[in-house]
Amino acid sequence: MIRKNFKSEKNSLRTKFQTGTANFVGIGLGVVADDNIHGETCIRVFVSKLNGSHKQDTTYTFADGQEAQVQYVEVGDIDYTGFTGRIRPAGPGAVIGAVGNTAKGTFGAMVTDNTDGAQVLLSASHVIAKFGALPLGTNILQPGPGNGGVNPADAIATLKRFVPNQLAKNGINYVDVAIATPISSSSVTAVPLCTQVNPTTQGAVGLLYAASSLITVINPIQNILTMMNVSVPKSIVATPGMSIHCCSAITGYFTTTVSDVMVDLFLGNVWWMDQTVCAGGALNGTAGDSGAMFYTTFAV
């Protein structure tokens, strides 16, 4: 019954405790954390820091007269896991976007453009090129326009090249990638914002461009290197069961497992061929994680 009452009255409960609780962070339904009381359902109020006003013997009376214990839980200062603020030099994992495009995405990696040997920023085409609809030379911002970036003050690179996509119904596509030229050597770095990811020792596996709540989909690195004509320090062919990780703008540091390879997916009325699918959908493929580069969790 407490569960049912909590669900129906949660909005008013949240307002009550938010306005009357010091250091309020959130509210939920849980179990009393007390060695003397086992398994009793209670209202748990999350606070950044406990103080004398958070009395653990407090109770709350629901509309039907039922009472529930209220327990205050210290959770510290909670930060978002991603990298959506302004970062200089900007590194892989930082949120980016392009002038004239509403899509938010992730700075995936610094790679070498084989056509001239230059170091360039790589991300998803739909993020920094709008699938080729943006003109070459378009400013790439960090943070992007959708996260408060301002042009030209937050420009870190300019669109250099993209792989054309076939977006008409039943079009055939293999990668969603583009590259951009850094505005200066101080505007970007090749070092990912997540220290667990090391492009110089771990093999690049592929680039995130789509996800659902259940799976994450990446372009295999071999297709990216060939079709974009770029190179990376190390790369490796994904195989089912391989442990991989990445650094992304919204989810932050993320580890997953390759579940399927050579997958053909019909998404948005077009085909994406030979894709790699990862177990779990923690990454957000539409609101900022697109463009993140996956690597092996081990040295190669």
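In which sense do strand S3 (residues 59–61) and S4 pair, and over how many bridges? Select both strands to begin the tour: S3 and S4 pair in the antiparallel sense, over three bridges, where helices (H or I, at least four residues) and strands (E, at least two) are DSSP runs numbered from the N terminus, and two strands count as paired if DSSP finds at least two bridges between them. The model is a predicted one, in which local features need pLDDT of at least 70 and side-chain atom pairs count only at pLDDT 80 or more, while totals for chains, interfaces and linings use all residues. Residues are numbered from 1 along each chain as its sequence is written, and side-chain values use heavy atoms, with hydrogens and water left out.

**The sheet around S4**

Stay with the hairpin and pick Thr59, whose bridge partner in S4 is Gln69. Five residues lie between the two strands of this hairpin, and Gly65 there takes a positive phi near 95 degrees. Next, colour strand S4 (residues 67–74) by burial, taking buried as under 20% relative accessible area, exposed as over 50% and partly exposed as in between (1.4 Å probe, protein chains only); six of the eight residues of S4 are buried.

Now add strand S2 (residues 41–47), which runs parallel to S4 and is joined to it by five bridges. Within S4, Val73 is the bridge partner of Phe46, and Val70 stands opposite Ile43.

Widen the selection to the open sheet of four strands, whose order is S1-S2-S4-S3 and whose pairing is mixed. Strand S1 (24–31) and S3 stand at the edges with a single partner strand each, so one side of each is left without a neighbour in the sheet. From one strand to the next the twist averages 35 degrees, with axes being lines fitted to C-alpha atoms, for helices over the stretch in contact, and angles running from 0 to 180 degrees between N-to-C directions. Then show helix H1 (residues 2–20), which lies across S1, S2, S3 and S4 and runs at about 160 degrees to S1; contact here means heavy atoms within 4.5 Å.

**The cysteines**

Move on to Cys194 and Cys247, which form a disulfide with their sulfur atoms 2.2 Å apart, a disulfide being a pair of cysteine sulfur atoms within 2.5 Å. The pair links distant parts of the chain, 53 residues apart, with Cys194 in the loop between strand S12 (178–182) and strand S13 (202–211) and Cys247 in strand S16 (residues 243–248). Both cysteines are buried, and the torsion about their S-S bond is about 75 degrees, so the disulfide is right-handed.

The structure holds one disulfide. Why does Cys246 form no bond with the closest cysteine sulfur? That sulfur, in Cys247, is 7.2 Å from the sulfur of Cys246, which is too far for a bond. Cys278 has its closest cysteine sulfur in Cys246, 8.6 Å away and likewise too far for a bond. Cys246 is buried, with a relative accessible area of 0%, and Cys278 also counts as buried, at 0% relative accessibility.

**Helix H3**

Finish at helix H3 (residues 221–228), where the buried residues are Ile221, Ile224, Leu225 and Met228. Turn the view down the axis of H3: these buried residues fall within an arc of 95 degrees, so they line one face of the helix, the arc being that of the directions from the helix axis to the C-beta atoms. After H3 comes Asn229, whose phi is positive, near 60 degrees.
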